[in-house]
Amino acid sequence: MTNIVIEPIHHEHPPTTWRTYFTFSTDHKVIGIQYLVTAFVFLMLGGIFAMIMRGELITPESDLVDRNVYNALFTMHGTIMLFGWTFPALAGLANYLVPLMIGARDMAFPRLNAAAFWMVPVVGILLMGSFLLPGGPAQAGWWSYPPVSLQNPSHELISGQSVWLVAVAISGVSSIMGAVNFVTTIIRMRAPGMTPFKTPVFVWAVFSAQIIQLFGLPALTAGAVMLLLDLTAGTAFFDPAKGGNPIFYQHFFWFYSHPAVYVIALPVFGIFSELLPVYARKPLFGYRIVAVSSLMISALSALVWVHHMFASGTPGWMRMFFMATTMCVAVPTGIKVFAWVATVWGGKLRLDTPMLFALSGVVMFVFAGITGIMLGAVPIDIHVNNTYFVVGHFHYILYGTVTMGIYAAIYHWFPKMTGRMYSEGLGKLHFVLAFIGTNLNFLPMHPLGLQGMLRRVSSYAPEYAFWNVIASLGGFLLGMSTLPFILNIVGSWVQGNKAPANPWRAIGLEWLVSSPPPVENFDEIPIVISEPYGYGKSEPLTSNLG
Amino acid sequence: MDTSLNPPHTTEATHDEAGNSMFGFIVFLISESVIFLSFFAGYIGYKLMTPNWLPPGVEGLEVRDPAINTVILVSSSFVIYIAERYLHSKNLWGFRFFLLATILMGTYFLYGQAVEWQSLKFGFTSGVFGGTFYLLTGFHGLHVFTGVFLQTTMLLRSFIPGNYDSGEFGVEATGLFWHFVDVIWIILFVLIYVWQ
């Protein structure tokens, strides 16, 4: 059985130019970059909305935008950042990296992959287009709780809210297509010899995240269908005036949307686990338990959703149960954090841009995790429910951890993706601005929330002004921080130094092929013989490559 | 023969596209079943917690005709299995006959559902009861329609010479989908018609 059939594939492919990225390409590497660039456009849009809001909040009075516009801005900011930035950006990284990391030539279903990507721009066009509707876009926040989301002030069938629901449904279909593809690819297409405990942690994390999509997303779809019917067909599901029950929507929504946080966070944990060993020159501490802890998080994520509903008339026994399960999430995430600390402990740290982003991401994740445990405790949650404390907590996850992690990944794999090196100076400038901006922007939200400032209002009591000014300045700095990033990425892609196959001396199948990799990735399918994090050891990763 | 370095199943799986498709389809069906589970959970919650469950003037649901419908739909699962066996033994006419029988049984189910909807005294907007009834039966009916559509496609494809020589993924997936639709219906029938 040692003879595997090797079919060297040498088709003539047209060279990859910028035009390739506007075609229905089925190459997972093209699709990965399509996802990443599209997602970054969404990050810019969502960021502009955020900066308009921070502009409004720099003074206590409601003076910059109309209140309805403010409602639309925070609704669209949340929706676009989740369904436009984090999901597609991580789908892009997973698309690019998973087949390379497992030694496959492409995803299991390349055409399904391309179709799933091209739904993302449709979602964006629908959401942005809803600004042109007579009643404006959806204004009920990214969670669209009824009865607020059922008000439909314009009385049109095609309202901002119904367009929002259709956009979320399309995004859901795209995610399910992606999840089926990732799970099939990871289970069935790993290179010979790549047993579960020779598979990179990033692949484990993507697998765990996609499992959540498969069992969680259908619940949101069910709730969204019922809400859309209430809104357009006059049914009674969530409308208390007709005998319906709005709390049921919250269950449907959070059964998916809390685990959705782990869909976003798990691949980022995977990124940290990949990067820290490379820049610390040490094996990943506790590789097996770090890998398995991702699956533990997936399993627990199905049992915690009611902690978003402690203040929704939830009975006492339910609060107790979900408080306990929420605390349990700290175990597998704690395992990861300790493993990361042990990995960098005593290592020869190389503080390149990816490492700076990864380390700061870990630090801010610890902070967000601590406030997360606080929020999981019923008494504190009820006190700070619906305040800026919650907003500060999840921005430390979604910017401090997830977005920093995505930046780390982009810098780390930029040489592989483009065949060019990025500028280290601009990268470090980006890091410094982003790190200061994040903390200036989101740290003040914690004292504001503890003092009782409510989220989602455009005017506030004057005593909250000081921290709001600081937060707004941080927000603008965060906006500015993307400028050196754009300059760096565009400039380096056009005329950066040529990158070697493995500029970081990293261990992994993706570093055994040229930069950028050839169209079918591997001329010869690698035969994996050792664990992926053998830094400081001298055993080869494969028996036939590199 | 060093299997530890080179597990044979992994090597084969890399090139087994039909196997990938079936695996992916099963993953999809598992995910699809969660939508139904969500609707079922919603239905149970509503039924237990809504004070006036039946709309005014509605006594309950007639069980006899839906029960006949149930028997026909569940039987059709065995009929499509026979069709698959015939295809497997390369008997194309046997395959076509039993697939056509499945299509007719599925179509009769949809017809029976339409007749039942016509006779009911409540609509989609008649409270949570009407909403959940039409949502569940309608969403399931959509799946029955999709199944019949897939079966018709497979029937027509059998007339393309040599179409099923290289593999029967389409027919296997259609059969599996049909069993899925049947199982969902049994749960739905118990929840809506038996538990009144």
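In chain A, the axes of helices H1 and H2 (residues 67–101) approach within 7 Å and cross at roughly 155°. Axes here are lines fitted to C-alpha atoms, for helices over the stretch in contact, with angles from 0 to 180 degrees between N-to-C directions. H1(A) and H2(A) are therefore roughly antiparallel to each other; angles over 145 degrees count as roughly antiparallel, under 35 as roughly parallel, 65 to 115 as roughly perpendicular and the rest as oblique. Their crossing is left-handed, a term used if the near helix is turned anticlockwise from the far one by less than a right angle, a clockwise turn being right-handed. Helices (H or I, at least four residues) and strands (E, at least two) are DSSP runs numbered from the N terminus.

This is a predicted model, in which local features need pLDDT of at least 70, side-chain atom pairs count only at pLDDT 80 or more, and totals for chains, interfaces and linings use all residues. Residues are numbered from 1 along each chain as its sequence is written, while chains are lettered from A and ligands numbered from 1 in the order in which they are written.

**Confidence**

The model scores ipTM 0.91 and pTM 0.94. The mean pLDDT (the predictor's confidence in each residue, from 0 to 100) is 94 for chain A, where 97% of residues reach 70 or more. For chain B the mean pLDDT is 90, and 92% of residues reach 70 or more. Over residues 1–14 of chain B the pLDDT is below 50, and this stretch has 27 contacts beyond near neighbours in sequence. In chain A, pLDDT stays under 50 over residues 1–12, with 14 contacts beyond four places in sequence. Two residues are in contact if their C-beta atoms, placed from the backbone, lie within 7 Å.

**Two helices and their cover**

The expected span of a helix is 1.5 Å times one less than its number of residues.

| Helix | Residues | Expected span | End C-alpha separation |
|---|---|---|---|
| H16(A) | 465–495 | 45 Å | 46 Å |
| H3(B) | 64–88 | 36 Å | 37 Å |

The buried residues of H16(A) include Gly474(A), Gly475(A), Leu478(A) and Phe485(A). A residue is buried if 20 or more other C-beta atoms lie within 10 Å of its own, exposed if 12 or fewer, and partly exposed in between. Helices H1, H14 and H15 of chain A are among the elements covering the buried residues of H16(A). H14(A) packs against H16(A) at about 160°, with the axes 7 Å apart. That angle makes H14(A) roughly antiparallel to H16(A), and the crossing is left-handed.

In H3(B), the buried residues include Leu73(B), Val79(B), Ile80(B) and Leu87(B). Their cover includes helix H4 (92–119) and helix H6 (169–194) of chain B. After H3(B) comes Lys90(B), with a positive phi near 65°.

**Backbone exceptions in chain A**

Most residues other than glycine have a negative phi, and most peptide bonds are trans. Ser144(A), not a glycine, has a positive phi of about 50°; Ser144(A) lies in the loop between H3 and H4 of chain A and is buried, with 23 other C-beta atoms within 10 Å. Pro147(A) is in the loop between H3 (110–129) and H4 (160–188), and a cis peptide bond with omega about 0° joins Pro146(A) to Pro147(A).

The segment after H16(A) contains Arg505(A), whose phi is positive, near 50°. Arg505(A) counts as exposed, with 11 C-beta neighbours inside 10 Å. Pro516(A) also belongs to the segment after H16(A), and the peptide bond from Ser515(A) to Pro516(A) is cis, with omega near -10°.
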